[in-house]
Amino acid sequence: MHASDLAAIALTVKLAAVTTALLLLIGTPLAWWLARSRSRLKSVVGALVTLPLVLPPAVIGFYLLVLLGPDGPGGRLTQALGLGLLPFTFAGLVVASVIYSMPFVVQPLQQAFAAIGAQPLEAAATLRASPRDAFFSVALPLARPGFVTAAVLGFAHTVGEFGVVLMIGGNIPGKTQVLSMAIYNHVEAMEYASAHWLAGGMLCFSFAVLLALYSRGWSR
Amino acid sequence: MPLQAIEARFELAHPGFCLNVDLRLPGHGVTALFGPSGCGKTTLLRCIAGLNRAPGGRLVVNGDTWQDGARFLPVHQRPLGYVFQEAGLFAHLSVRRNLQYGQSRIALAERRVAFDRAIALLGIAHLLERQPAGLSGGERQRVAIARALLTSPRLLLMDEPLAALDVARKNEFMPYLERLHAELDIPVLYVTHAPDEVARLADHIVVMQEGRALASGPLLETLARLDLPIRLGEDAGVVLDARVAERDSAWHLARVEFAGGSLWVRDGGQPVGALVRVRILARDVSIALAPAIGTSIQNSLCATVGELADDSHPALSLVKLAVGASPLLARITRRSAAGLRLAPGQPVWAQIKAVALIG
């Protein structure tokens, strides 16, 4: 196996881990709000969060590139903050992945929170737990299966992305070249044996993840 | 205003439903909120708990204002216990951790109900290490009640705690509630649509219909009112406090004395001297002008006719009788009433076909 392949694998795992961690942090309050709010904004936010599910990755990548580029509002902001420009950096990949994998984390969490229902939280309130206390001591533990599903799906989906990271990351070996791009490069160069190693590994990984999820009861 | 009272005034209007009550309830004993499904009794209980917000409502519990004008104490700051229809135990915690959940959130100085006392009272010591999913419906409710008690509530709210149980489980469960009543000095608001639970447990009753309180008063007095039984239908009847005076082991009967007379009832195993309640339904009481001879009826009491009222069906009328100091209700046909020429003040014999000994 090439050294660049190993670097691509390491980068992919790092990207997926950082993305999943960030998504659980952002997604938990968002999913909680979506599951419990009666606000009219709810349907708008719900649709926005789900958008990456139906949009072609190239569309997301393109708009992110424009947004975060030197003339985009995001790019101006990051430059003003002294962060430089995000496209073609690891941080850029993280931002893109967080947006791209958002529905895969938020939806299982939202379903898990909705499945708890109001009663355990009302019971907690009558047992002197403040709303914040009840969230941590009742809602989070009861939603645990949802967190496992969300984390696994978020991680696996980030590992498998191609179009968005190609647009925003630019396929720079050792820097922004992730697994799926390494496979693409091998195929382009007719290095089918190397492509098989990586593609087969991805296939096994994805199957193992789904098998683990299904065997513990998908929506439990 | 005396301190030992619960003052509750709520107005809530939803499409198709409105709640409008202004109640003064005793600050001790068991108050039954009684009425058919959808009459607003659960909504009232949830307003008292603060689970539903009724703007402009007022709630004062034994001198402490929980809601008034702009003041609204959030649920978790109200010193109350709430037992839901379905127990609402936390599925991720063992029975012991469920019990400790509320208790651990109370300051040590405010813990007036000891852990061991609560589990003994509800008979759940053997369940402590189990998970809620493995418990029967009755066991879950007992755990839920103990969990509520362990927060040392100053008001215990129970929303049809027996609704999810079958009749046999219900009868097993009742003694625990009676013990609670006898041993702890916590006022209880008890929502139910089951007259037998009211008769057995309540000291005070609020009869609700379509979001309003039709009547609120001491149980024995209120049940004997003529205007309410019409609405209670088949369940119209009185409850009397009595004492076991004599037991006849040969016939398995017991004689109980109440203010105004005595009755033979099936022996329920209570010792002589025990305080019991008996319930006599209006449909089980008939009226005769002379003592009957050659009848299977065991209980025939000398009574005086009080008021007469029309019943729900035009063929029927309800007669209020006085047996000494105690009231009785009799449901007879209007033709019988006319044939007997019943009038207030008239002495008659009340023949009682069935008496239920409760508790």
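Two residues are taken to be in contact here if their C-beta atoms, placed from the backbone, lie within 7 Å. With that in mind, and remembering that this is a predicted model, one can begin at Leu33 of chain B, which touches Lys41(B), Leu44(B), Leu45(B), Leu189(B), Tyr190(B), Val191(B), Val206(B) and Met208(B), when residues up to four places away in sequence are left out of the count. Leu33(B) also belongs to the largest nonpolar core, a set of 151 residues, where it stands with Ala32(B), Ala146(B), Leu157(B), Tyr190(B), Leu328(B) and Ala330(B) among the members that touch the most others. The element that gives the most to this core is helix H5 of chain A, residues 90–116, with 13 residues.

The two chains may next be taken in turn. Chain A has 11 helices and 0 strands, and from its N terminus onward the succession of elements is therefore α-α-α-α-α-α-α-α-α-α-α, helix being the class that DSSP runs of this kind are given. Its C-alpha atoms fill a box of roughly 65 × 45 × 25 Å along the principal axes. Of the 220 residues in chain A, 39% are buried, and among its contacts with a separation of 6 or more, 73% come from residues 24 or more positions apart.

Chain B, by contrast with the strandless chain A, contains 9 helices and 21 strands. Its radius of gyration is 22 Å, close to the 21 Å that the globule rule gives for 359 residues, and chain B is therefore as compact as a globular protein of that length. The C-alpha trace of chain B spans about 65 × 50 × 35 Å along its principal axes, and 40% of the 359 residues are buried. Among contacts in chain B between residues at least 6 apart in sequence, 66% join residues at least 24 apart.

Two sheets of chain B deserve a walk along their strands. Strands of a sheet pair through backbone hydrogen bonds, either parallel or antiparallel. One open sheet is formed by 6 strands of chain B in the order E7-E8-E9-E3-E10-E11, and its pairing is mixed. Strand E7 (80–83) and strand E11 (212–218) are the edge strands, each pairing on one side only, and the twist averages 15° from one strand to the next. Within this order, strand E3 (residues 30–34) and strand E10 (residues 204–209) of chain B pair in the parallel sense over 4 bridges, and Phe34(B) has Val207(B) as its bridge partner in E10(B).

Another open sheet of chain B has 5 strands in the order E16-E20-E17-E18-E19, with antiparallel pairing. Strand E16 (285–288) and strand E19 (326–333) stand at the edges with a single partner strand each, so one side of each is left without a neighbour in the sheet. Here the twist averages 45° from one strand to the next. Strand E17 (residues 299–310) and strand E20 (residues 347–352) of chain B pair in the antiparallel sense over 6 bridges, and in E20(B) the bridge partner of Ser300(B) is Gln351(B).

It remains to see where the chains meet. There, 18 residues of chain B are in contact with 13 residues of chain A. On the side of chain B that touches chain A, the elements giving two or more residues are E7 and helix H2 (95–103), and E7(B) gives the most, with 3 residues. By class, this side of chain B has 10 nonpolar, 6 polar and 2 charged residues. The strand E7(B) that contributes there is also an edge strand of the mixed sheet.

Technical notes:
Residues numbered from 1 in each chain as written. Chains lettered and ligands numbered in written order. Predicted model: local features only at pLDDT ≥ 70, side-chain atom pairs only at ≥ 80, totals over all residues. Pairing = 2+ DSSP bridges. Axes fitted to C-alpha atoms, helices over the stretch in contact; angles between N-to-C directions. Nonpolar A, V, L, I, M, F, W, Y, C, P; charged D, E, K, R; others polar. Core = buried A, V, L, I, M, F, W, Y, C linked by C-beta atoms within 7 Å. Buried ≥ 20, exposed ≤ 12 C-beta atoms within 10 Å, placed from the backbone. Rg over C-alpha atoms; globule rule 2.2 N^0.38 Å.
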